[in-house]
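Reader: I'm new to this one, so could you take me through a single part up close? Pick one spot where two pieces meet, and then show me what lies around it.

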Amino acid sequence: MTMPQLDELDRKLIEVLSHDARVSNRKIAADLGVTEGTVRGRIKRLQQEKLIAFTAITSFDLADTTRLAFIAIQAEVINVREIARNIADLPMVSGVMITMGRFNILAICLFSELDRLYEVASDQILSLPGVHHVETSIAVRTIKYDPRIVRITKSDEAK
C-alpha cells in the first residue's frame, strides 16, 4: 500500500474541511490564497482517491437504545487478515482493526439488545475458524468522542 502524496495545500484544505465541511470553496480559496477552481479540483481529487468524504454525523443521542460495544478477538496470527475480513463482513460490525497486544483484532459494533451482541460475539465471531478467544466491552458512558476521526453508525441490521 503506497502512502498518499499530499502537499501543503492538500493538508491545509483537509484541516479547514475537518472543522467545517460546509464552508464554501470561495471562502477556502480566499483564506488559502488560491483560486476557487484549485480548491474544487483538489477536493474532487481527494474524494476520488478516498482520502476525504462528506457525510452528516449524527449524535449517539439519536440512536434510541443503541449501545456501543467493543469485541476483542484473539485469532491465529497467520490468518489474522482473513479473519478480520470475515468479521468485517458481519452486518452488525461497524469497524474492524488489526491490533497488537493480547488481542490481535478489535471489532466495534452498535447493538440494541444484549442478545444480539451475544449472538455476534459468541455465535458468529467465536465460531470462525482460527478464532481462539473473544471478550466484549460495552461503553456505558462516552467521555470523549471525536467523530472527525471515526464515524460510527448503525448498520441496517442493528436498527
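Author: Here is a close look at one helix pair, followed by what comes after it along the chain. A quick word on the model: it is predicted, with local features needing pLDDT of at least 70, side-chain atom pairs counting only at pLDDT 80 or more, and totals for chains, interfaces and linings using all residues. Residues are numbered from 1 along each chain as its sequence is written, and side-chain values use heavy atoms, with hydrogens and water left out.

Let's set the scene. The chain has five helices and four strands, where helices (H or I, at least four residues) and strands (E, at least two) are DSSP runs numbered from the N terminus. Read along the sequence, the pattern goes α-α-α-β-α-β-β-α-β.

Now zoom in on helix 2 (residues 25–32) and helix 3 (residues 36–48), which pack at an angle of about 110 degrees with their axes 8 Å apart. Those axes are lines fitted to C-alpha atoms, for helices over the stretch in contact, and the angles run from 0 to 180 degrees between N-to-C directions. Helix 2 and helix 3 are therefore roughly perpendicular to each other, a label for angles of 65 to 115 degrees (under 35 is roughly parallel, over 145 roughly antiparallel, the rest oblique). Who does the touching? On the helix 2 side the contact is made by N25, R26, I28 and A29, and on the helix 3 side by E36, V39, R40 and I43; contact here means heavy atoms within 4.5 Å. Sorted by class, that makes four nonpolar, one polar and three charged residues. Nonpolar covers Ala, Val, Leu, Ile, Met, Phe, Trp, Tyr, Cys and Pro, charged covers Asp, Glu, Lys and Arg, and the others, Gly among them, are polar.

Carry on past helix 3 and you reach K50, in the loop between helix 3 and strand 1 (67–75). K50 has a phi near 60 degrees, a positive value in a residue other than glycine. Most residues other than glycine have a negative phi. K50 is also exposed, with a relative accessible area of 73%; exposed means over 50%, buried under 20% and partly exposed in between (1.4 Å probe, protein chains only).

The loop leads on to strand 1, which runs antiparallel to strand 3 (residues 105–111) and is joined to it by seven bridges. One of the residues in that pairing is A69, whose bridge partner in strand 3 is C109. Strand 1 also pairs with strand 4 (residues 131–138), in the antiparallel sense over seven bridges, and there A75 stands opposite V131. Two strands pair if DSSP finds at least two bridges between them.
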